[in-house]
Amino acid sequence: EQNIKLKEFYLKNINSNLITQESPFKLSGTSNQFTNFDFSGYIKPFSEKTNLELKTTLNEFSLPPINSYIGDLLGLQFDSGELDTTLKVKIVDSQIDGTTQIKIRGLQLTSAEDYDNNSLSESTAMPLNMALGVLKDDDDNLELDIPMQGDIDSPTFGFGSFINLITQKAIQSAATTYLINTFVPYAEIVQITLSAGEFILKTRFEDLIYQSGQSQVSEEQTIFISQFVKLLKDKKKTTVKACAISTQNDLLSSKKKFDDDVEKLAYLKNLSKKRMNEFKNTIVSHDIESSRILLCAPKATLDKKSEPRIEFSL
């Protein structure tokens, strides 16, 4: 589901008698609550070959909701990630000249469709995530500048920027003291562990535990929220991924009757989605930029020993 609100739309100067005339267009609006898009430029709709100029911006587009479109095709899913992109392209007589700037915050891929089964494929998702990690900057962002040239029937894309990014990362050395100095003041909500196998420091938030069926943030969670907001205000470049997991315990407060496990999991995933949205709205209400809270695909498990929660990662 996508709730799209159009702010502006027009297409002008349509005349089949004037095949060289430019027809300007613009389409802008919002999708759901935080995604903004803007398409503008011109097209010559009646010219023999393709002629157009397009400028596009898309901000805070959450990637997990499109899993249903790419899962079967790629065998992978977006576990988290938020896309900002700017496209500038000009096509003259079907010849392309343009650039796409891409920024993805908190990108993580998985092949696990069922969270409860923990079916992550090490032969696909893990190596790809490791490769993406090489391209990410210190703030866990993936930024690419991809040129576009060629004929519209067989366009080519320049990947020199990929090589440059890999080279830059290869010659950089990471100081392990950075994360320690950064996050120790927030030890009440953040854990720091050294993973010898990966030779990196890992930081993680404590899980935010929920009561059965609870979707809105409660008074008992106020201390966590205040510390969470304080960290984000002190560390203005920090972006956090929030992943809600509903469990068998959430069914205890539901008066709904379920025919099978499929209905139970659908109900639980919908509850996870509500929890994440309510949590993000709460944090944003404290003057935190919405782009700094990334939402994962909603998860559910029928494990009776598992607590309903939101997990966080940096």
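The side chain of E220 makes a polar contact with the side chain of S218, at 3.2 Å. The model is predicted, and E220 sits in its loop between β11 (208-209) and α5 (222-234). Elsewhere the structure holds 12 salt bridges, one disulfide and seven aromatic pairs.

**E220 and its loop**

- E220 is exposed, with a relative accessible area of 69%.
- That value is over 50%, the cut-off for exposed, so E220 falls in that class.
- Y210 is 10 residues away from E220 along the chain, and the C-alpha atoms of the two are separated by 9.7 Å.

**Salt bridges**

- Side chains of opposite charge can pair when their charged atoms come close.
- One of the 12 salt bridges joins R105 to D84, with 2.5 Å between the closest N and O atoms.
- R105 belongs to strand β6 (residues 95-110) and D84 to strand β5 (residues 77-92), so this salt bridge ties together parts that are 21 residues apart in sequence.
- R105 is buried at 5% relative accessibility, and D84 is buried as well, at 16%.
- Both R105 and D84 belong to a network of salt bridges that also includes E82 and K280.
- D261 and K264 form another salt bridge, at 3.9 Å from N to O.
- These two residues, D261 and K264, are three residues apart in helix α6 (residues 261-284), which puts about one helical turn between them.
- D261 is partly exposed at 42% relative accessibility, and K264 is partly exposed at 22%.
- E311 pairs with R309 in a salt bridge whose closest N and O atoms are 3.0 Å apart.
- In this pair E311 is partly exposed, at 24% relative accessibility, whereas R309 is buried, at 12%.
- The cut-off for buried is under 20% relative accessible area, so R309 at 12% counts as buried, while E311 at 24% does not.

**Disulfide**

- A disulfide is a covalent bond between the sulfur atoms of two cysteines.
- The one disulfide found in a search of the whole structure joins C243 to C296, with an S to S distance of 1.9 Å.
- C243 lies in strand β12 (residues 240-246), and C296 lies in the loop between β13 (293-295) and β14 (299-300).
- The disulfide thereby links distant parts of the chain, 53 residues apart.
- C243 and C296 are both buried.

**S246 in strand β12**

- S246 lies in strand β12, the strand that also holds C243.
- S246 is buried, with a relative accessibility of 0%.
- A polar atom of the S246 side chain lies 3.0 Å from the backbone oxygen of L268.
- Leaving aside residues up to four places away in sequence, S246 touches L268, L271, S272, R275, K299, A300 and T301.
- L268 therefore appears twice for S246: as a residue that S246 touches, and as the owner of the backbone oxygen 3.0 Å from the S246 side chain.

**Aromatic rings**

- Among the seven aromatic pairs is the one between F37 and F39, which is tilted, with 6.0 Å from centre to centre and 45° between the planes.
- F37 is buried at 12% relative accessibility, whereas F39 is partly exposed at 30%.
- An angle under 30 degrees would count as stacked and one over 60 as edge-to-face, so the 45° of F37 and F39 makes the pair tilted.
- F224, F228, F279 and F312 are linked into a cluster by ring pairs.

**Charges over rings**

- The charged end of K280 sits over the ring of F34, 4.5 Å from the ring centre.
- K280 is also part of the salt-bridge network with E82, D84 and R105.
- K12 lies over the face of Y10, at 4.5 Å from the centre of that ring.

Definitions and conventions
Residues are numbered from 1 along each chain as its sequence is written. This is a predicted model: local features need pLDDT of at least 70, side-chain atom pairs count only at pLDDT 80 or more; totals for chains, interfaces and linings use all residues. Side-chain values use heavy atoms; hydrogens and water are left out. A salt bridge is a side-chain nitrogen of Lys or Arg within 4 Å of a carboxyl oxygen of Asp or Glu. Helices (H or I, at least four residues) and strands (E, at least two) are DSSP runs, numbered from the N terminus. Buried means under 20% relative accessible area, exposed over 50%, partly exposed in between (1.4 Å probe, protein chains only). A disulfide is a pair of cysteine sulfur atoms within 2.5 Å. A polar contact is a pair of N or O atoms within 3.5 Å; within protein, one must be able to donate a hydrogen and the other to accept it, and residues adjacent in sequence count only if both atoms are side-chain atoms. Contact means heavy atoms within 4.5 Å. Rings of Phe, Tyr and Trp (its six-membered ring) pair if their centres lie within 6.5 Å; planes under 30 degrees apart count as stacked, over 60 as edge-to-face and the rest as tilted. A charge sits over a ring if NZ of Lys or CZ of Arg is within 6 Å of the ring centre and within 35 degrees of the ring normal.
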